[in-house]
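Q: Please take a close look at a single part of this protein, and set it against the structure as a whole. A connected account would be preferred to a list.

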Amino acid sequence: MRQVGNVALAMIALCCVGGSASAQDESGFQAYLATLRAQSQAAGVTRATIDSVFPTLTLNTRVVQLDRAQPGSDPNAPPPNFEPYRVSHIDAARISRGRQAFQAQRYRLQRIEQQTGVPESIMVAIWGNETNYGTFMGNFDIPRALASLAYDGRRRELFASEFVDSLKMIDRGVPAERLKGSWAGAMGGPQFLPSIYLRLARDGDGDGRADIWTSDADTLASIANYFANAGWRPGQPWGLAVSVPPGFDRSQITNRLLSPRCAKVFARHSGWKTMAEWRALGMAPVSRAWPEDTVLATLIEPDGPGKTAYLLTGNYRVILDYNCSNFYALAVGLLSDAVVQ
């Protein structure tokens with residue numbers, strides 16, 4: 001009781017001396033907007049857009065709370081197993097909806113794959129993982145959310161830049177009321193940040209607009225364009241599930257290359273070997289045939305020795321470029337396989 005009382009007394013004192021914490025935050029936020037306004041002007045955002053957006057901005061404490069609640073990274077904690085994630089993210093309902101979406105969009109998917117080389121199933125799997133095939137895209141006001149996150153300061157440079165890019169979207173013709181999405185600024189079916197939208201969103205239905213909120217064609221074309229831009233290699237799988245022989249000596253496949261980004265993600269991968277070399281080491285495919293012998297791959301055992309492992313090609317790295325998480329990328333790959341079965 002004494003601890004609760006002390007907290008209550010502290011809040012009362014704060015109120016009486018300097019006003020409420022929320023009022024102070026709003027005051028600080030409104031002062032910070034002068035910085036964002038200057039950055040927007042320097043980046044070439046039009047006066048009309050600046051004058052229409054800035055008067056509407058107030059601090060969204062909810063997005064700040066959500067950002068601060070992101071799980072920390074304990075370098076000493078062992079990585080969790082993939083299986084619980086797989087079960088929850090590649091369930092029967094998501095596979096069924098994916099197969100329905102795949103069939104309903106075939107006429108678009110085939111055309112986009114012919115143009116970009118990105119498999120139809122990969123487009124569908126990204127769509128399914130990001131927004132459950134467009135059914136949940138978020139309803140946060142994007143400029144307000146990004147301005148609030150920039151003010152909070154944990155990743156100020158990133159969010160301030162994305163805020164400015166959200167204004168550039170308005171200058172490009174995207175209606176301000178269309179700028180709705182996740183608390184972290186991701187939007188539409190592909191969940192693109194504003195900078196990605198400006199660079200890679202595409203018009204898939206020929207109406208002259210890249211509408212990733214209401215146009216399935218634009219969403220799928222934009223996902224494919226992202227993957228093509230990131231280096232997807234046509235005709236090569238993302239990877240395949242394999243069994244590792246008992247007693248396998250893992251010291252012979254140690255990865256000695258350090259990744260400049262997503263170090264913990266890539267630290268779980270082995271060194272590169274050809275499919276022929278992996279086959280010679282005793283790996284056996286679980287559900288699909290071997291790719292060509294010359295295709296390079298790394299090995300990951302997300303649930304430890306004795307469980308299903310995966311050989312991952314360069315195209316898996318493209319999925320990681322979309323979201324640098326082994327669990328996410330594995331889920332995309334496995335869902336892409338499931339929706340075409």
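A: A residue is called buried when its relative accessible area is under 20%, exposed when that area is over 50%, and partly exposed in between. Thr35, at 37% relative accessibility, therefore counts as partly exposed. The model discussed here is predicted.

The part chosen is helix α8, but the whole is described before it. The protein contains 16 helices and seven strands. Its C-alpha trace spans about 75 × 60 × 35 Å along the principal axes. Of the 341 residues, 44% count as buried. The accessible surface comes to about 17000 Å², and carbon and sulfur atoms account for 53% of that surface. When contacts between residues at least 6 apart in sequence are considered, 70% of them join residues at least 24 apart. As to charge, the mean position of the 34 positive charges and that of the 31 negative charges are 3 Å apart.

Helix α8 covers residues 120-131. With twelve residues at 1.5 Å a residue, α8 should span 16 Å, and because its end C-alpha atoms are 17 Å apart, the model agrees with that expectation. Which of its residues are buried? They are Glu120, Ser121, Ile122, Met123, Val124, Ala125, Ile126, Trp127, Gly128, Asn129 and Thr131. Since eleven of the twelve residues are buried, α8 is largely enclosed by the rest of the structure.

What encloses the helix can be named. The buried residues of α8 pack against α6 (92-104), α7 (106-116), α12 (216-229), α15 (314-322) and α16. One residue-level link on this list is the contact between Ile122, in α8, and Ile319. Leaving aside neighbours within four places in sequence, Ile319 also touches Phe227, Trp232, Trp238, Tyr328, Ala329, Val332 and Gly333.

Ile319 leads to the largest nonpolar core, which has 83 residues. Within that core, Ile319 belongs to the group that touches the most other members, together with Phe163, Tyr197, Phe227, Trp238 and Tyr310. Helix α16 (residues 326-339) gives the most residues to this core, ten in number. Apart from this core lies another, of 13 residues, including Met275, Val295, Ala297 and Leu299. In soluble globular proteins, nonpolar side chains tend to be buried together.

Helix α16, one of the packing partners of α8, deserves its own description. It has 14 residues and reaches 20 Å from its first C-alpha to its last, close to the 20 Å expected at 1.5 Å a residue. Because 14 of the 14 residues of α16 are buried, α16 too is largely enclosed by the rest of the structure.

The approach to α8 comes next. Val118 lies in the loop between α7 and α8. Is Val118 buried or exposed? Its relative accessible area is 0%, so Val118 is buried. Beyond its neighbours within four places in sequence, Val118 is in contact with Glu113, Met123, Ala224, Phe227, Ala228 and Trp232. Met123 is among the buried residues of α8, while Phe227 and Trp232 are also contacts of Ile319. Val118 and Asp216 are 98 residues apart in sequence, and their C-alpha atoms are 16 Å apart.

On leaving α8, the chain passes to Asn132, whose phi is positive, near 50°. Tyr133 sits in the loop between α8 and β1 (140-141). The phi of Tyr133 is near 65°, again a positive value in a residue other than glycine. Most residues other than glycine have a negative phi. Tyr133 is buried, because its relative accessible area is 7%.

Elsewhere, Cys262 offers a comparison with Tyr133. Cys262 is placed in the loop between β3 (239-243) and α13 (263-266). Its phi is also positive, near 50°, but Cys262 is partly exposed, with a relative accessible area of 25%.

Two threonines complete the account. Thr35 is found in helix α2 (residues 21-42), and its C-alpha atom is separated by 55 Å from that of Gly306, 271 residues away along the chain. Thr49 is in helix α3 (residues 47-53). Thr49 is buried, with a relative accessible area of 5%, and its contacts beyond four places in sequence are with Leu167, Ile170 and Asp171.

Terms used
Residues are numbered from 1 along each chain as its sequence is written. This is a predicted model: local features need pLDDT of at least 70, side-chain atom pairs count only at pLDDT 80 or more; totals for chains, interfaces and linings use all residues. Side-chain values use heavy atoms; hydrogens and water are left out. A nonpolar core is a set of buried Ala, Val, Leu, Ile, Met, Phe, Trp, Tyr and Cys residues joined through side-chain atoms within 4.5 Å. Buried means under 20% relative accessible area, exposed over 50%, partly exposed in between (1.4 Å probe, protein chains only). Helices (H or I, at least four residues) and strands (E, at least two) are DSSP runs, numbered from the N terminus. Contact means heavy atoms within 4.5 Å. The expected span of a helix is 1.5 Å times one less than its number of residues. Accessible areas come from the Shrake-Rupley method with a 1.4 Å probe; for residues, only the protein chains shown count as cover. Lys and Arg count as positive and Asp and Glu as negative; His and the chain ends are not counted. The place of a charge is taken as NZ of Lys, CZ of Arg, CG of Asp or CD of Glu.
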